[in-house]
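Colleague: I'd like to learn how to read a model like this one. Could you walk me through it?

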Amino acid sequence: MSSEDKNDIIHMDIPHGRVIIRLRPDLAPKAAERIRTLAAEGFYDNVPFHRVIPGFMAQGGDPTGTGMHGSKLPDLPAEFTNKAKFERGTIGMARTSDPNSANSQFFIMFEPSPHLDGQYTIVGEVIEGMENVDKIKHGSGMSGMVKDPDRISRMRPAVGEKS
């Protein structure tokens, strides 16, 4: 793998094993850069998957675990596309009802969700370890909030890491 390719690869370690993510700067350059920057800073280390809905998605990226916060960086503009769809393993940027409010939170799809297509920024995709994502502790109720959630132990860009 060339260093140029490695620049878009993120290693995310969770309790069930490693998940390898390929960022999609071709679809969402600002969001991909945000994830890369925060991962390099260690922002995602020990951050919970606070909202997990079986058959839909696992959401993380809020250090408070409430789903109400993000990084100290400014919110991002929407980077919606019709060039990719929300399929199993797709990673989208979470946001409020304001399309331009994505910050640090992201979600990983368990199943295709066409109702999200063109409504949320697609920032990447799981290319290895989806079986580990499937094992993330599920939440309950309509909100999918998780009591004592699984956490990201470490998340870093592949560049400069030994695999």
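Colleague: Let me begin with one side chain: which residues does F49 touch, not counting residues up to four places away in sequence?

Modeller: Happy to help, and please keep in mind that this is a predicted model. F49 touches M12, I14, A58, Q59, G60, F106, I108, I136, V146, P149, D150 and I152, with residues up to four places away in sequence left out.

Colleague: How should I read such a cluster, and which residues of the largest nonpolar core touch the most other members?

Modeller: The general idea is that nonpolar side chains tend to be buried together in soluble globular proteins. Here the largest nonpolar core has 32 residues, and M12, Y44, F49, F106, I108 and M155 touch the most other members. At least two residues of this core come from each of β1, β2, α2, β5, β6, β7 and α3 (130-133). The most come from α2, which gives five residues. There is also a second, separate core of 10 residues, with M57, A94, M109 and L116 among them.

Colleague: Now the sheet. In what order do the eight strands lie?

Modeller: In general, strands of a sheet pair through backbone hydrogen bonds, either parallel or antiparallel. In this case the sheet is open, the pairing is antiparallel, and the order reads β3-β4-β6-β5-β7-β2-β1-β8. The edges are β3 (51-53) and β8 (154-157); each has a single partner strand, so one side of each lacks a neighbour in the sheet. From one strand to the next, the twist averages 20 degrees.

Colleague: How many bridges join β5 to β7?

Modeller: Three bridges link β5 (residues 90-93) with β7 (residues 122-128), and the two strands run antiparallel. Within β5–β7, look for I91, which stands opposite G124 in β7.

Colleague: Which strands does helix α2 touch as it packs on the sheet?

Modeller: Helix α2 (residues 29-41) touches β1 (9-14), β2 (17-23), β5, β6 (106-109), β7 and β8, and its direction makes about 120 degrees with that of β8.

Colleague: One loop residue to finish: is T81 buried or exposed?

Modeller: T81 counts as buried because its relative accessibility is 12%, under the 20% cut-off. T81 sits in the loop between β4 (57-60) and β5. Its side chain reaches the backbone nitrogen of K83 at 2.9 Å, and T81 also touches L27 and G118.

Colleague: And what does the UniProt annotation cover?

Modeller: The unreviewed UniProt entry carries the annotation "domain: PPIase cyclophilin-type" for residues 6-149. In the model, that span is 12% helix and 24% strand, with its end C-alpha atoms 29 Å apart.

How values were computed:
Residues numbered from 1 in each chain as written. Predicted model: local features only at pLDDT ≥ 70, side-chain atom pairs only at ≥ 80, totals over all residues. Heavy atoms only, no water. Pairing = 2+ DSSP bridges. Helix = DSSP H or I, 4+ residues; strand = E, 2+ residues; numbered from the N terminus. Axes fitted to C-alpha atoms, helices over the stretch in contact; angles between N-to-C directions. Contact = heavy atoms within 4.5 Å. Core = buried A, V, L, I, M, F, W, Y, C linked by side-chain atoms within 4.5 Å. Buried < 20%, exposed > 50% of the residue type's maximum accessible area, 1.4 Å probe, protein only. UniProt positions renumbered as here; feature names shortened; annotations may be inferred. Polar contact = N/O pair within 3.5 Å; in protein donor to acceptor, adjacent residues only side chain to side chain.
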